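Subject: Structure handover

Hello,

Here is the structure you asked about. Please open it alongside this message, as the notes below refer to individual residues.

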Amino acid sequence: MDTFGDIRSLLQLPPTEERWGTLCALLDAAPARQMRDLILPYALDHVSRWPDAMRVAPWRWLVQTFTASPPPGWPLARHISFSPAAPLNNSWTERVAASPHLDRITHLSLTSCHIGGEKLGRVLDAPCIPRLRALDLSYNHIRDDGLRGITRTHRLERLESLHLVDNGVIFHGVKFIGDSSWWPDLKELWLGHNHLTPQALDALAGALDVGSLEHLDLRANAHGVGQATHLARLAGAPGASSLLSLDLGQNPLGPEHLRALTDSPHLTSLRRLGFSIGHTRRDARPLEPSDLLALRASSLAGPLRELSLAGHRLDSDCLAALVDGDELRELTHLDLRFNALGDAAASVLARANLPNLTHLDLSYNRLTSRGARALAHA
């Protein structure tokens with residue numbers, strides 16, 4: 001078997017998660033001497049152009065690294081990930097914190113690992129922390145008090161992405177993030193499924209003006225995001241001009257929330273807007289055609305590439321108000337799930353000027369074969 005030839009052929013192709021997995025298996029099967037002298041230098045050179053987030057160490061590599069010595073392919077790994085399938089119990093916490101082999105790791109994912117309190121402190125002492133560009137602590141027990149410790153450490157100066165989904169964050173944690181020394185360089189902040197208050201949105205609005213945030217995830221934070229005046233302060237902050245992606249999905253959104261966004265003069269770089277209320281939320285006031293016209297006429301329409309309006313009970317008149325023009329011609333993804341769209345809406349879409357659209361989701365609507373034929377012939 002020509003392992004080196006297989007690796008060379010693989011590395012001529014664009015990077016994907018599947019090809020990374022295949023590469024790891026080939027490295028495990030390579031003869032030790034050939035691996036050291038030929039394969040590893042070649043692979044290191046080519047894989048250096050692959051995204052760090054994709055270069056996830058297989059679980060077998062982690063076990064070997066933390067119980068004995070790293071496998072030959074370990075220098076290629078940049079992302080280590082623990083999850084319920086690979087639990088981080090107290091023993092693994094100590095091994096991560098004490099391991100001398102994590103100096104090249106730039107992405108650390110510790111989701112659903114029951115981290116909080118003392119365990120969080122041990123993780124922050126890990127040797128890989130100063131090199132981290134991405135830290136995912138979603139589905140843990142960080143809470144506001146835990147964020148105080150994260151934001152006070154000076155070992156996260158390279159951090160660009162922080163995931164804190166479902167961690168019981170309320171208000172003070174957001175304030176701590178905005179006051180941290182590494183906030184100005186943070187590009188992604190994921191705060192979905194927490195308990196953010198309206199005051200937390202105000203704190204974010206102030207922090208945006210001294211940062212360079214590009215992605216903000218506020219999904220399922222009904223108490224805070226549901227207050228349109230506070231959302232307007234967030235969208236109206238001058239620092240919001242750096243946002244490329246804003247996800248407000250699974251919140252009680254209505255016309256007043258959409259107007260909070262369309263009235264902002266600063267959302268001029270937004271490429272992705274998640275404005276879904278989910279198929280189970282039926283008590284919010286529905287959007288009217290005038291609301292969609294305001295979106296189309298606003299400064300945020302032109303740059304948009306991805307838009308989700310799922311769950312808003314839109315009808316064909318609303319859809320026509322949205323797409324009967326060329327303001328959204330750069331759109332590539334349009335999510336219209338869980339609305340009230342029928343065959344008339346399909347005809348509206350069929351004549352719309354959306355030349356770059358590659359993904360259209362019409363699940364859970366009222367289209368029949370007639371509407372499907374209209375779309376098929378568009």
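What follows is a short account of what was found, from the whole chain down to single residues.

Overall

Please keep in mind that this is a predicted model. The chain has 378 residues, and 52% of them are buried. Its secondary structure consists of 16 helices and 11 strands. The C-alpha trace spans about 70 × 50 × 30 Å along its principal axes. Of the contacts with a separation of 6 or more, 83% are between residues 24 or more positions apart.

The N-terminal helices and the aromatic pairs

Helix α1 has Thr3, Phe4, Gly5, Ile7 and Leu10 as its buried residues. These residues pack against α2 and α3.

There are 6 aromatic pairs in the structure. One of them joins phenylalanine 4 and tyrosine 42, with ring centres 5.4 Å apart and planes at 85 degrees, so this pair is edge-to-face. Phenylalanine 4 sits in helix α1 (residues 3-10) and tyrosine 42 in helix α3 (residues 32-47), so the pair ties together parts 38 residues apart in sequence. Phenylalanine 4 has a relative accessible area of 13% and is therefore buried.

Tryptophan 20 and tryptophan 61 form another edge-to-face pair, at 6.4 Å centre to centre and 75 degrees between the planes. Here too distant parts of the chain are linked: tryptophan 20 belongs to helix α2 (residues 17-29) and tryptophan 61 to helix α4 (residues 59-67), 41 residues apart. Tryptophan 20 and tryptophan 61 are both buried. Together with Trp50, they form one aromatic cluster.

Helices α11 and α12, and aspartate 291

Helix α11 (residues 228-235) and helix α12 (residues 255-262) have axes that come within 8 Å and cross at roughly 15 degrees. An angle under 35 degrees counts as roughly parallel, and α11 and α12 are therefore roughly parallel to each other. The crossing of α11 past α12 is right-handed. On the α11 side, the contact is made by Ala228, Leu231, Ala232 and Ala235; on the α12 side, by Glu256, His257, Ala260 and Leu261. By class, the residues of this contact are 6 nonpolar, 1 polar and 1 charged.

Aspartate 291 is part of helix α13 (residues 289-297). Is this aspartate buried or exposed? With a relative accessible area of 6%, aspartate 291 is buried. Apart from neighbours within four places in sequence, aspartate 291 is in contact with Pro255, Leu258 and Arg259. Pro255 and the two others fall within the residue range 255-262 of helix α12.

Serine 245 and leucine 304

Serine 245 is in strand β7 (residues 245-247). Its relative accessibility is 8%, so serine 245 counts as buried. Leaving out residues up to four places away in sequence, serine 245 touches Glu214, His215, Leu216, Leu270 and Arg272.

Leucine 304 lies in the loop between α13 and β9 (306-308). The relative accessible area of leucine 304 is 0%, so this loop residue is buried. Which residues does leucine 304 touch, not counting those up to four places away in sequence? They are Leu270, Arg271, Arg272, Leu273, Leu328, Glu330 and Leu331. The C-alpha atoms of leucine 304 and leucine 328 are 6.9 Å apart, although 24 residues separate them along the chain. Leu270 and Arg272 appear in the contacts of serine 245 and also in those of leucine 304.

Helices α14 and α15

The axes of α14 and α15 come within 9 Å and cross at roughly 10 degrees. That makes α14 roughly parallel to α15. The contact involves Ser316, Leu319, Ala320 and Val323 from α14, and Ala344, Ala345, Val348 and Leu349 from α15. This contact of α14 with α15 has 7 nonpolar residues, 1 polar and no charged ones.

The buried residues of helix α15 (residues 343-350) include Asp343, Ala345, Ala346, Val348 and Leu349. Among the elements that cover them are α14 (316-323), β10 (333-335), β11 (359-361) and α16 (369-376). Ala345, Val348 and Leu349 are thus listed as buried and as part of the contact with α14.

Regards

Technical notes:
Residues are numbered from 1 along each chain as its sequence is written. This is a predicted model: local features need pLDDT of at least 70, side-chain atom pairs count only at pLDDT 80 or more; totals for chains, interfaces and linings use all residues. Side-chain values use heavy atoms; hydrogens and water are left out. Axes are lines fitted to C-alpha atoms, for helices over the stretch in contact, and angles run from 0 to 180 degrees between N-to-C directions. Helices (H or I, at least four residues) and strands (E, at least two) are DSSP runs, numbered from the N terminus. Angles under 35 degrees count as roughly parallel, over 145 as roughly antiparallel, 65 to 115 as roughly perpendicular and the rest as oblique. A crossing is left-handed if the near helix is turned anticlockwise from the far one by less than a right angle, and right-handed if clockwise. Contact means heavy atoms within 4.5 Å. Ala, Val, Leu, Ile, Met, Phe, Trp, Tyr, Cys and Pro count as nonpolar, Asp, Glu, Lys and Arg as charged, and the others, Gly among them, as polar. Buried means under 20% relative accessible area, exposed over 50%, partly exposed in between (1.4 Å probe, protein chains only). Rings of Phe, Tyr and Trp (its six-membered ring) pair if their centres lie within 6.5 Å; planes under 30 degrees apart count as stacked, over 60 as edge-to-face and the rest as tilted.
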